[in-house]
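Reader: I should like to learn how helix geometry and residue environment are read from a model. Could we proceed feature by feature?

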Amino acid sequence: MIGGAVVSAFIAVGERLDAKKAGLFIGLPITSAVGLFFIGLTQSPQAAADAATIMPITLGVGLLFLFVFVKLHPKIHTVKSILIATASFCLISAAFVYSGFTNIFINGAIYLAITTISYFLVKKIPEKKASFRAGKREL
C-alpha cells in the first residue's frame, strides 16, 4: 500500500513536468528503495541484502521492457504493447532469478551490457512526438 502511494505520488508530480523530465523523475528507483526497506523490516536485513544483489539485472531488464514497448507500440498500440513488454520482463527476470545470479559484480556487468545494447537499439528508433494523451485514444 505504501509502495503504491509512493508510485502514485511520483506519477502525479511527473504529470506536471514535460515528458522527458517526467520520464526521468518517474524512472527513479524509489520503489526499489521502498521495497528493500520493507523486506528488511518484515524479514531481515540479510534478506534485503540478498534481494539487492539481483536488482542490477532487473533494472537492465526494465530497459528491455521499454525497448519492447517502444518497438511494438506503433504496430499493436498501447495495451497490447504493455502486456507483451510486461510478459517479456517477467520471463527474463524469472530466468535470471531462478538461475541463481547472486554475485552483485557479475549482475552489475550484465546490467552494463544490457544498458549498452538497449542504448544502441533505441538510438536506431526515430524520435516522434506523442500524438495523444495517454489512455484517451485506446482505453
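Author: The dialogue below takes helix shape, helix packing and residue burial in turn. Please note that the model is predicted.

Reader: Let us begin with α4. How far apart are its end C-alpha atoms, set against a straight helix?

Author: Helix α4 covers residues 45-98. Its 54 residues would reach 80 Å in a straight helix at 1.5 Å a residue, but the end C-alpha atoms are only 21 Å apart.

Reader: Where in α4 is the kink centred?

Author: The kink in α4 is centred on H77 and amounts to about 130°.

Reader: What is the phi of H77?

Author: The general idea comes first. Most residues other than glycine have a negative phi. In this structure, H77 is not a glycine, yet its phi is positive, about 70°. A positive phi is also found just after α4, where G100 has a value of about 80°.

Reader: Is H77 buried, partly exposed or exposed?

Author: H77 counts as partly exposed because its relative accessibility is 39%, and partly exposed covers the range between the 20% and 50% cut-offs.

Reader: I turn to packing. At what angle do α3 and α4 pack, and how far apart are their axes?

Author: In general, two packed helices are described by the angle between their axes and the distance between the axes. Here α3, residues 30-42, packs with α4 at an angle of about 150°, and the axes are 7 Å apart.

Reader: Why are α3 and α4 described as roughly antiparallel?

Author: Angles over 145 degrees count as roughly antiparallel; α3 and α4 are therefore roughly antiparallel to each other. On the α3 side the contact is made by S32, L36, I39 and G40, and on the α4 side by P45, A47, A48, A51, A52 and M55. By class, this contact of α3 with α4 has eight nonpolar, two polar and no charged residues.

Reader: Which residues does I57 touch, leaving aside those up to four places away in sequence?

Author: I57, which is in helix α4, touches F96, F101, N107 and I110. I57 and I110 are 53 residues apart in sequence, while their C-alpha atoms are 6.5 Å apart in space.

Reader: Why does I57 count as buried?

Author: The cut-off for buried is under 20% relative accessible area. I57 has 1%, so I57 is buried. V34, in helix α3, counts as buried because its relative accessibility is 17%. The C-alpha atoms of V34 and G4 are 10.0 Å apart, with their positions 30 residues apart in sequence numbering.

Note on methods
Residues are numbered from 1 along each chain as its sequence is written. This is a predicted model: local features need pLDDT of at least 70, side-chain atom pairs count only at pLDDT 80 or more; totals for chains, interfaces and linings use all residues. Side-chain values use heavy atoms; hydrogens and water are left out. Helices (H or I, at least four residues) and strands (E, at least two) are DSSP runs, numbered from the N terminus. Buried means under 20% relative accessible area, exposed over 50%, partly exposed in between (1.4 Å probe, protein chains only). Contact means heavy atoms within 4.5 Å. Axes are lines fitted to C-alpha atoms, for helices over the stretch in contact, and angles run from 0 to 180 degrees between N-to-C directions. Angles under 35 degrees count as roughly parallel, over 145 as roughly antiparallel, 65 to 115 as roughly perpendicular and the rest as oblique. Ala, Val, Leu, Ile, Met, Phe, Trp, Tyr, Cys and Pro count as nonpolar, Asp, Glu, Lys and Arg as charged, and the others, Gly among them, as polar. The expected span of a helix is 1.5 Å times one less than its number of residues. The bend at a residue is the angle between axes fitted to the seven residues ending there and the seven starting there.
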